[in-house]
Amino acid sequence: MTSPTGPAAQRLVLMNPGPVLADERVRAALGGPDLCHRESEFAELMGRVRTRVTQVCGGTKEFTSVVLTGSGTSAVEALIASVPPADSGVLAIDNGHYGRRMHDIAVIHRITVHHLELGWGVPIDLASVEAALAADTSLGFVTVVHHETSTGMLNDIAAVARVAHRYGRKVIVDAVSSVGAEPLDIVGDGLDWVAGSANKNLEGMPGLGFVCARHDAFAALGPEPRRSYSLDLHRHYTAQEHAQAPAFTPGVPAFYAFDAALELMLAEGVAARGKRYQALAERLRQGLEDLGLRLLLPPEHRSLGLTAVRLPQGVGYPELHRALRAEGFVIYAAQEQLARDFFRLSTMGRMTEQDIEGFLAALGRFLGTTVERTEHVTADREGK
C-alpha cells in the first residue's frame, strides 16, 4: 500500500476548515523526542503553550489558558459543562450548526437553556438577546459562536458581551474557527470565557483544544457540582496551574507541534495573519463570482476563513469533490439544510496565492466540461 505521506504523495490543498495546511516546521515538531508527561521538560512545554495561547487571545497577566487533549468541541463542552452553576441557565444563541451544538451540549448536561434560534446565516438580533435576558434572570450565561463555519458568518461577539454585561451575565464564546486570524481580544471585547482549537487559524495539528479566562474565574469553579470527570475545567486548571502537570495523559506530539505553531503565530501577529487570509479570501470570492457562482452571505457578514458557495446548477457535491480532489484540491461539504445546494471553501492555513489560482483554474475546467456535457445532452435530446 502506498503511504499518503511518502515522497511520491500528491500535495493536497486542504480547503476544509481544519485540519489546515501546516508549516513544515510545525509538522517537523511532531517528531520530537519521547517524553513522560510528568517530567519537568513537559511542564515547561505545557507552560509555554498556555502562556502563548493566552497572548494570542489578548489576555493580560490576570488571564490564563487551560489546554486539553481533544477537539475544539471538547474544549467547548468542557466550558459549558463546567462553568454554569447548578442554579443558572444559559441563553444559547443559534444562527448555525455550531450555535445549535452549544445548545445541545447544555441540554445533554441538564442545564436549563433558552434557545434563541435565529436561522442559519441570520445576523444576531441584539434586541432579542436583551429581551431574553430581561425576561429571565436565571439565565446567567450567554453562549455564542464567533465564526459560524456552517455558513462562514462572523458574529459580533463584542456587541453580545456588552448586552450580557449590562444585565450582569457572563459570555461563553466558541472561537474555535476564529482565534488567531479574526479580530478577537478577550480583554478589549469583554469576553468571559473563550474556547479554541490548535488546528485552524493557529495552524497547529489536530488533537488539542483550549479554554482562556481569568485566573479567578477558573479558581472559582471549585465548589460547583461536577457534570463531567475528564472535561472538568477546574480539575484541569488545578493540575496545570498548581501541579504544573496535566490532569490526564496528554497528546505530547500535538503539544510539540502547537508550541511551534504558536511561535510562528506570535511572530506573524494576529492582524497580519488576518490580512493574509483576507487577501486569499477576496481573490477566491472574486474568482468564484467571475465563474458565475453565487456566495451564501453578503460581504459585511463574511469571515476571513471560510466561504459558502452554491453548487453549480446540475452538479452534486460528490461529483464536484471527486473532480477537484483529482486535481489536488480538497473541498468541504455543507451541513444539514445547506448540504444539497452548497459547498464550503476555507482559506485558513498555509495556503498561497498560487493555490487559489490553481483551484480557480481547476474549477473553471470542471465547469467548462460540465457545460459542454450539458450542451451535448441537450443537443442529443433535441435531435431525437
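These are my notebook entries on confidence, cores, one histidine and one sheet.

I am working from a predicted model, in which local features need pLDDT of at least 70 and side-chain atom pairs count only at pLDDT 80 or more, while totals for chains, interfaces and linings use all residues. Residues are numbered from 1 along each chain as its sequence is written, and side-chain values use heavy atoms, with hydrogens and water left out.

I looked up the confidence: pLDDT (the predictor's confidence in each residue, from 0 to 100) averages 94 for the protein, and 94% of the residues score at least 70. Over residues 371-382 the pLDDT is below 50, and this stretch has one contact (heavy atoms within 4.5 Å) beyond near neighbours in sequence.

I then turned to the largest nonpolar core (buried Ala, Val, Leu, Ile, Met, Phe, Trp, Tyr and Cys residues joined through side-chain atoms within 4.5 Å; buried means under 20% relative accessible area, with a 1.4 Å probe and protein chains only). This core holds 53 residues, of which I93 and F258 touch the most other members, and helix α9 (residues 252-268; helices are DSSP runs of H or I, at least four residues, numbered from the N terminus) gives the most to it, with 11 residues. Another core, of 27 residues, lies apart from it and includes L68 and Y237.

I checked H236, which lies in helix α8 (residues 233-242) and counts as buried because its relative accessibility is 7%. Leaving out residues up to four places away in sequence, H236 touches V66, L68, S230, L231, A247 and F248.

Technical notes. Buried < 20%, exposed > 50% of the residue type's maximum accessible area, 1.4 Å probe, protein only. Helix = DSSP H or I, 4+ residues; strand = E, 2+ residues; numbered from the N terminus.
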